[in-house]
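Biologist: I'd like a close look at one part of this model, the surroundings of the ligand. Please start there and then work outward, so I can see what that part is built on.

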Amino acid sequence: MRPLYNPLVLVMTSFTGQIIPVGPDYAAVLAALHAASFAVAEQWPEAALRDLVVSYGTITGLAVWNDNPVGFVMLRCVAGEAEILTLCVTPDFQKCGVGAQLVAWAIQQAKRSAADVIFLEVSCKNKDAYTLYQKNKFVQSGLRKNYYPDGSDAFVMQYDSQKNSS
Ligand SMILES: CC(C)(COP(=O)(O)OP(=O)(O)OC[C@H]1O[C@@H](n2cnc3c(N)ncnc32)[C@H](O)[C@@H]1OP(=O)(O)O)[C@@H](O)C(=O)NCCC(=O)NCCS
């Protein structure tokens, strides 16, 4: 698999790749994707991602298109509940449906792990992510004041598989 960007492949208009479960061997790839997608203050280092990927209940899905890693989702499923820990798609591959497919994959994994509810926190400033989750049937269920280092608030959102079983 290629390490990250390959300018020759920037022609994807609609995601037709795969989402594959990955483990600690992919920590460097995950860190590169995270660094490419998030602002510096929000990036997670490779060591932290390696620890998380092997932590209890964690499942990580890497989106791959034409051998290029383009995004990933990491969730933790414990005791009937799941939490999306992070989700990102590299800027060159955004707005092609990768994010939506990663969210759908996360929902599927949570169901397989018998987690009926999925929680996540999203910055009140992150309109793109909020809209993505809302379109995928997450509803706002709380607010965490001063959640982020810059003092901004986080919306708590939740997906309830019992209510979205059809
Ligand atoms: C939030 C994020 C994951 C979304 O990923 P994405 O791959 O762009 O998501 P999608 O492509 O599935 O959907 C985004 C938009 O593209 C549109 N889209 C999807 N497929 C499309 C296509 N083939 N052509 C045109 N537009 C398309 C969707 O309708 C959606 O539109 P909207 O913003 O008007 O609702 C991405 O912006 C990101 O990584 N941001 C930085 C990190 C981040 O904020 N992570 C979330 C932390 S909680």
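Modeller: Start with helix H4, since H4 supplies the largest share of the shell around the ligand, 5 residues. Do keep in mind as you turn it around that this is a predicted model. In total, 21 residues surround the ligand, and the closest are Val89, Gln94, Gly97, Gly99 and Ala100. Two or more residues of the shell come from each of these elements: strand S4, helix H3 (98-112) and helix H4 (127-135). As for the chemistry, the shell splits into 10 nonpolar, 8 polar and 3 charged residues.

Stay with H4 for a second, and look at Lys127, which lies in that helix. Is Lys127 buried or exposed? It is exposed, because just 10 C-beta neighbours fall inside 10 Å, and a residue with 12 or fewer gets that label. If you want a distance to get your bearings, go 10 residues along the chain from Lys127 to Lys137: their C-alpha atoms are 15 Å apart.

Next, follow S4, which takes you from the ligand into the sheet. This is an open sheet of 7 strands with mixed pairing, and the order across it reads S1-S2-S3-S4-S5-S7-S6. The edges are strand S1 (18-21) and strand S6 (139-144), each of which pairs on one side only. From one strand to the next, the twist averages 25°.

From S4, step across to strand S3. S4 (residues 81-89) and S3 run antiparallel to each other and share 8 bridges. One pair you can pick out is Met74, which sits opposite Thr86 in S4. The two strands make a hairpin with 2 residues between them, and Ala79 in the turn has a positive phi of about 50°.

S3 itself deserves a pause. Of the 11 residues in S3 (residues 68-78), 10 are buried, so the strand is largely enclosed by the rest of the structure. Its pairing with strand S2 (residues 58-65) is again antiparallel, over 8 bridges. To line the two strands up, use Trp65, opposite Asn68 in S3, and Gly61, whose bridge partner in S3 is Val73. S2 and S3 also make a hairpin with 2 residues between the strands.

The loop between S2 and S3 is where you'll find Asn66. Its phi is near 50°, which is positive although the residue is not glycine. Most residues other than glycine have a negative phi. Asn66 counts as partly exposed, because 13 C-beta neighbours lie inside 10 Å.

Keep going that way and you reach the edge. S1 and S2 run antiparallel, joined by 4 bridges. Gly61 turns up again here, since Pro21 stands opposite Gly61 in S2.

Now go back to the ligand and leave by H3. In the loop between H3 and strand S5 (117-123) you'll come across Ala114. Like Asn66, Ala114 has a positive phi without being glycine, near 60° in this case. Ala114 is exposed, because 12 other C-beta atoms lie within 10 Å of its own.

At the other edge of the sheet, S6 pairs with strand S7 (residues 154-160) in the antiparallel sense, over 5 bridges. Val139 has Gln158 in S7 as its bridge partner, and Gln140 stands opposite Met157 in S7. What about cover? S6 has hardly any: 0 of its 6 residues are buried. Flip back to S3 here, where 10 of the 11 residues are buried, and you have the two cases to look at side by side.

One last stop is the pair of helices H1 (residues 27-37) and H2 (residues 46-53). They pack with their axes 8 Å apart, at an angle of about 120°. That angle makes H1 oblique to H2, and the crossing of H1 past H2 is right-handed.

Notes:
Residues numbered from 1 in each chain as written. Predicted model: local features only at pLDDT ≥ 70, side-chain atom pairs only at ≥ 80, totals over all residues. Buried ≥ 20, exposed ≤ 12 C-beta atoms within 10 Å, placed from the backbone. Pairing = 2+ DSSP bridges. Near = placed C-beta within 6 Å. Nonpolar A, V, L, I, M, F, W, Y, C, P; charged D, E, K, R; others polar. Axes fitted to C-alpha atoms, helices over the stretch in contact; angles between N-to-C directions. Parallel < 35°, antiparallel > 145°, perpendicular 65-115°, else oblique. Left-handed = near helix turned anticlockwise from the far one by under 90°.
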